[in-house]
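Here are some worked exercises on empty space and DNA contacts. Keep the viewer open and try each task before you read its solution.

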2 protein chains.
Amino acid sequence: MPVTMDDVARAAGVALSTVSRALSDNPRVNVATRAQIQKLAREMGYVPSAIARGLATKRTYALGVVVHDIVDPFQAELVRLIDMRALELGYSLLLSHSGDEEQREQQAINILRQQRVDAIIMPDSSVSDSFLSQVASEGMPVVLLNRMSYPYSIEIDNVGAGEMAAIHLLDLGHRRIAYIGGTRTQPENDDRQSGYARALEKRGQSVDPALITLGNGWSDGGRDCMREFLKLAHPPTAVFCYNDLTAFGAIGAIQAAGLRVPQDISVVGFDDIALASILHPPLTSIAQDKEQMAKLAVEMAHALATGKPAAPRTILPGRLVVRASTAACS
Amino acid sequence: MPVTMDDVARAAGVALSTVSRALSDNPRVNVATRAQIQKLAREMGYVPSAIARGLATKRTYALGVVVHDIVDPFQAELVRLIDMRALELGYSLLLSHSGDEEQREQQAINILRQQRVDAIIMPDSSVSDSFLSQVASEGMPVVLLNRMSYPYSIEIDNVGAGEMAAIHLLDLGHRRIAYIGGTRTQPENDDRQSGYARALEKRGQSVDPALITLGNGWSDGGRDCMREFLKLAHPPTAVFCYNDLTAFGAIGAIQAAGLRVPQDISVVGFDDIALASILHPPLTSIAQDKEQMAKLAVEMAHALATGKPAAPRTILPGRLVVRASTAACS
DNA sequence: CTGTTAGCGCTTTCAC
DNA sequence: GTGAAAGCGCTAACAG
């Protein structure tokens, strides 16, 4: 149904290959006929077939992105930025959901393999290295976000960031500081918690296991964990959360219990998503340089896909953004 | 680099076409050799090339999705549900961002045209009908979400939903009810506002233009608009917002001004996104049946792509979810 | 500068 | 039941 190059060639009275060259602005074709063919193609409503081109060139100009859940604002922000940079480089995005299960994650990758994307970008992956290298051996490189131990990855210094958050609270005079984590499968969770623990130890504080718990990376998890903390004989005076969603849930639970943030309990989030600065109280959070992350990820994918030397594994620093959800311990 | 059908055929000592048939479970090939070929293909790590198949069959099993911004939780929830249903039907998703500009939207569609997706699904489109029908004439059907006047579309009854929200507030005794809209380009905005106006008129209330304003569909817009309302000599006692994000911003502004929700001002949102029930106070909102929407959209796209009769244009009802952000007017 | 031709990996008649 | 061969729409040598 759509117009093909052959149609254009016939209409222009030239060979198919000339059209192909003209349309790719090949200088080897006469500038006049080149312009004429381009004009004709436009008039005829010619739309190049990316799949035919892909078959011939072995490049699809499509990038696969596998996310746990696009509803997570942090992942959504990342995907949007990835899309922006990808568009600039001429790539389209194939989005695939993995849930949390490793099996679904493999399935998602397999679909992208079939679609012959030029590279795959995965935030928060938990697939095995062996599977990844098998995929890569087929000429489909994989770039990981937030997963150390993989050569092609970009991540932030989660340990350092976790430490930064805890230090901030310690500096405000807090001594009973809780940590509400994500899920066990989220690899960054351990690092953020380690950073938190390291900060306490540096200040000569012991880490109280009763003040460390596991949420689920979503608001309801934060809410439920906070409710439990509030039942304690000595509830924490400050809480560091795995991410902003968790923090929102925690704040909701605190307020629902009739307490105030930050007067009664201080809260620190992670990711600095857009809502963080707008809800009341504005949330103190650790910002990740998502823009840089997305940019580097796409560029690394691009380099890998074109066989150019890829930048080495990059670790970005986190940045503490102090807002009104934290205050001195009363 | 990847294993091809030809490789498998050679290894199995049969013709290429037999492999093709065996792999698609064609009953015309001997059940024993069929199983053997499938086993061999698996062992050899064969991954079918979707683009080669697409070229041959003229179906890519890819669906294009054009969103304004995936960071919008409502759109993200929709996309996730679309992906779930699409996966069940064997489709992959190509995601493309449109920003708000119609030009970018056309560009996004053009990329999907090149990729030869089987159909396009667009929430909140503002492209012209003529462009859409041109795309459709190439055998690439388009399904619209939340845009009336297009034959292949699914939407909720925005007028009715807007009326429902306003009635709820009127029933609580409110008389000064404001409306914070989205942007002008969001087509649902007008309908929601009409519903709001209709409710007031039905109850013999006049619509006060000073209480109607335009946000931007994001939290900061809601915050800024609410700040303006609070400067009024007689601020509203209740606010109906275009969507939940706008409502969150409005609530933030109210609380930042030292007032309380709902004791001083009631707030109603729209979309009932996940966060709505978790933040404090839990938000009264109009829920859309996103699951049904996504399901119908994918099925309509599928039907259109396969030339089967598509279900007629569907209008789903909205549903008022009353939570703690609304209360009787004091 | 332009035309001819051989694939890219797969599906699908058409023969046998 | 299986094989041979044409073709999907394009790119990229290879000739001229």
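A polar contact is a pair of N or O atoms within 3.5 Å. Please bear in mind that this is a predicted model.

**Exercise 1.** Find a polar side-chain atom of A:Ser17 and work out which part of DNA strand C it lies close to.

Solution. Step 1: from a polar side-chain atom of A:Ser17 to a base oxygen of DNA strand C, the distance is 3.1 Å. Step 2: compare this with the cut-off, 3.5 Å for a pair of N or O atoms. Step 3: look at the phosphates, where A:Lys58 places a polar side-chain atom 2.9 Å from a phosphate oxygen of DNA strand C, and B:Arg53 places one 3.0 Å from a phosphate oxygen of this strand.

**Exercise 2.** Describe the protein surface near DNA strand C: which elements give two or more residues to it?

Solution. Step 1: helix H2 (16-23) and H4 do so in chain A, and helix H2 (16-23) and H4 do so in chain B. Step 2: the most comes from H4(B), which gives four residues. Step 3: in all, 25 residues surround the strand, and the closest are A:Ser17, A:Thr18, A:Arg21, B:Met5 and B:Tyr46. Step 4: on the DNA side, 61% of the strand C atoms that come within 4 Å of the protein belong to sugar and phosphate. Step 5: sorted by class, this surface has ten nonpolar, nine polar and six charged residues.

**Exercise 3.** Now turn to the empty space: how many cavities of 30 Å³ or more does a search of the whole structure find, and what lines the largest?

Solution. Step 1: the search finds six such cavities. Step 2: the largest holds about 160 Å³ of space. Step 3: it is lined by 14 residues, with A:Leu279, A:His280, B:Gln255, B:Leu279 and B:His280 closest to its centre. Step 4: helix H11 (244-256) of chain A and helix H11 (244-256) of chain B are the elements giving two or more residues to this lining. Step 5: the lining consists of eight nonpolar and six polar residues, with no charged ones.

**Exercise 4.** Repeat the analysis for the second largest cavity: which element gives the largest share of its lining?

Solution. Step 1: the volume here is about 130 Å³. Step 2: among 13 lining residues, A:Ile51, A:Gln115, B:Ile51, B:Leu94 and B:Gln115 are closest to the centre. Step 3: helix H4 (50-57) of chain A and helix H4 (50-57) of chain B each give two or more residues. Step 4: H4(B) has the largest share, three residues. Step 5: the classes are eight nonpolar, five polar and no charged residues.

Terms used: Residues numbered from 1 in each chain as written. Chains lettered and ligands numbered in written order. Predicted model: local features only at pLDDT ≥ 70, side-chain atom pairs only at ≥ 80, totals over all residues. Heavy atoms only, no water. 1 Å grid on protein atoms, 1.4 Å probe; cavity = no way out; pocket = protein on both sides within 12 Å on 5 of 7 lines; lining within 4 Å. Points joined across faces, edges and corners; volume = space filled by probe spheres on them. Nonpolar A, V, L, I, M, F, W, Y, C, P; charged D, E, K, R; others polar. Near = heavy atom within 4 Å. Polar contact = N/O pair within 3.5 Å; in protein donor to acceptor, adjacent residues only side chain to side chain.
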